[in-house]
Every structure is written in C-alpha cells, then in structure tokens.
Amino acid sequence: MRALIVADDASAALRVQTILAAQNFVCDTAGLDEDGIAVGKLYDHDIIILDLSAQSGAGYELVQKFRAAGVRTPIMVIAATEQIDLRVRCLGRGADDFLTKPYDHRELVAHVQAVVRRANGHAQSEIRTGKLLINLDTRVASVSDVPLPLTQKEYCVLELLSLRKGVVVTKEAFLNHLYGGMEEPGMKIIDVFICKLRRKLAEATGGRHYINTVHGRGYILSDPVLRPPMSASGDGLEPPTATSPAHGSFAAQTMGR
C-alpha cells in the first residue's frame, strides 16, 4: 500500500514513515503547502496523513483544500491532544480519522489500517474470497486456515487485489503501490507475480481460479471458478478472461478514485 505523509516537521514525518515502512507501505512525503496537494492529486495513495505541529493549527484548511482539489483519498490527521477544536474542524472539513499525540506505533498502524479498510468497503481486518482469507493486521494469506507461502511482493499484490475485490487493478497501479517510482521494474514483473499467485492458489484450493485477466486493463479478484484443463505446454496458467464491463459479464471498475 502507499501513503502520503504531509508535515512541516521532518522528524515527525520520518517517524511516521519509519513505522509504516515496517508494514511494507511505500511512503511519499511533502510539506504543508500546495506541494502536498499536488502530490496527492498526482499519485494514487491509499491514505494521506497530515502530521500537524503545534504551529500548524490551521490544518483543517489543508483538509478542505485537498477535498476542493478533487482528492478523494482518505485523510488521517495527527495532532496534539489539546487541539480539540482542530479535531472537530478537521473531521467537519472532510478528514476520515484523527489521531492524537503522543501515540504508540501500534496505535498509528491500527488507525491507518482501519481507515484504508473502511475506504475500500471492508469493516473488518479479514477479507474472504472463496477459500482465500487475507488478514490485513497479520499480513497473512491463508486457504482453509493454512498459510500460503508467499513472498513479500506476492502478498502485497494479493492484498491490493483483495482490498479492491471486484475492481480492475491496472499494472500501473500495482507498480505504483509496490515500488512508488523507486527502482521500478518493467510491467512484465506484474505478470510474473500474478502467474506465481495463480499457481499457489490453484495448488492450495484444488484448482480453483481467483484472479481474472481483463485484457487491456489489468487484473481482478473475484469469487473462484474451476481452472481450465492444463494446456499442451503444461502450464494451464492463462484462465478464461473477464469480459469488459461494457459486455455485461463483470461489474468491473477502474482503479481511479
């Protein structure tokens, strides 16, 4: 997942970034000015975190500017406990959550995960698709209570597909969330991750297929179907593809918010 940390205190921003990076978040940082809004509009983030110092009492105005600029990404504000009026104003202007200082790193992670879950329509930390269960808190994917042997990147791909279940995820969006523009490989790497995930899911579920290809658009996670027979080449990895929403078979949407 990807977070934008907007702050005027470099040390505060670094603390948030360090905590989220340990949870495999890709983090961007910006100041409490128009640059922060520009970055928020340019990239597809899962959450925007406004870390306000004692001198940034007008943070609610920045929340309002984000919303006025058409940024629909969920926003969490972090500020000192005594700023009750600021809390009320931020929530009133469009913030989705408010965390008071000082905070424990576990509290920050819990708030961020809850905001991201709610923004994607998931009330709980577990997302089930057929026999597949994703636990966003423990970052474990399992089938029938047996953990899947996934690499970190494979889990992140499956997590994003689960959060956006029923929605088409583009290859650009995967790269955006996995690498954030840093040492970003070619788009073919996403095909490799999807191929490996399909193999592991098929092995764990007795041939069920969870990830559909939407040609020219990306991939979509949906309730499972039986995999097709193995091809002559022996891989049998390319399942029936999802029909474009224009043809009525899938109520798929693009990633944009």
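Is I220 buried or exposed, and what is its relative accessible area? I220 is buried, at a relative accessible area of 1%. The legends below treat this residue and other parts of a predicted model.

**View 1. The whole protein chain, with its helices and strands.** The model is predicted. Its secondary structure comes to eight helices and 11 strands. The chain has 257 residues, and 49% of them count as buried. Take the contacts with a separation of 6 or more: residues 24 or more positions apart account for 59% of them. The accessible surface comes to about 12100 Å². Carbon and sulfur atoms hold 53% of that surface.

**View 2. I220 in strand β11.** Strand β11 covers residues 218–226 and contains I220. The relative accessible area of I220 is 1%, which is under the 20% limit, so the residue counts as buried. V168 lies 52 residues away along the chain. Even so, the C-alpha atoms of I220 and V168 are separated by 4.7 Å.

**View 3. The polar contacts of H209.** H209 belongs to strand β10, residues 208–214. It is buried, with a relative accessible area of 2%. Its side chain reaches the backbone oxygen of I211 at 2.6 Å. A polar contact of 3.4 Å links the side chains of H209 and N212.

**View 4. The open parallel sheet of five strands.** Strand order is β2-β1-β3-β4-β5, and the pairing is parallel. The edges are β2 (26–30) and β5 (97–101). Each has a single partner strand, so one side of each lacks a neighbour in the sheet. Neighbouring strands are turned by 20° against each other on average, direction ignored. Strand β1 (residues 2–7) is joined to β2 by five bridges. In this pair, V6 of β1 stands opposite A30 in β2.

**View 5. Helices α3 and α4 against the parallel strands.** Helix α3, residues 59–68, packs on the sheet. It touches β1, β3 (47–51) and β4 (75–80). The direction of α3 makes about 155° with that of β3. Helix α4, residues 84–93, lies across β4 and β5. Its angle to β5 is about 160°.

**View 6. Helix α5 and its surroundings.** Helix α5 spans residues 105–119, 15 residues in total. From first C-alpha to last it reaches 21 Å, close to the 21 Å expected at 1.5 Å a residue. Its buried residues include L108, V109, V112 and V116. Q113 and R117 are also among the buried residues of α5. Cover for the buried residues includes the helices α1 (10–21) and α6 (152–163). It also includes strands β3, β4 and β5. Just after α5, G121 takes a positive phi of about 85°.

**View 7. The cis peptide bond ahead of α5.** What is the geometry of the peptide bond from K101 to P102? The bond is cis, with omega near -5°. P102 sits in the loop between β5 and α5. Most peptide bonds are trans.

**View 8. The open antiparallel sheet of four strands, with α6 across it.** The order is β6-β7-β8-β9, with antiparallel pairing. β6 (126–129) and β9 (146–147) form the edges. Each pairs with a single strand, so one side of each is left without a neighbour in the sheet. Four bridges join β7 (residues 132–135) to β8 (residues 140–143). N135 stands opposite V140 in β8. Helix α6 lies across β6, β7 and β8. It runs at about 100° to β7.

**View 9. N24 and D145, two loop residues with a positive phi.** Most residues other than glycine have a negative phi. N24 has a positive phi of about 70°, although it is not a glycine. Its place is in the loop between α1 and β2. N24 is partly exposed, with a relative accessible area of 23%. D145 also has a positive phi of about 70° and is not a glycine. The loop that holds D145 is between β8 and β9. At 72% relative accessibility, D145 counts as exposed. Its value is over the 50% limit, which is why the residue falls in that class.

Methods
Residues numbered from 1 in each chain as written. Predicted model: local features only at pLDDT ≥ 70, side-chain atom pairs only at ≥ 80, totals over all residues. Heavy atoms only, no water. Helix = DSSP H or I, 4+ residues; strand = E, 2+ residues; numbered from the N terminus. Buried < 20%, exposed > 50% of the residue type's maximum accessible area, 1.4 Å probe, protein only. Polar contact = N/O pair within 3.5 Å; in protein donor to acceptor, adjacent residues only side chain to side chain. Pairing = 2+ DSSP bridges. Axes fitted to C-alpha atoms, helices over the stretch in contact; angles between N-to-C directions. Contact = heavy atoms within 4.5 Å. Expected span 1.5 Å × (residues − 1). Areas by Shrake-Rupley, 256 points an atom, 1.4 Å probe, with all protein chains shown as cover.
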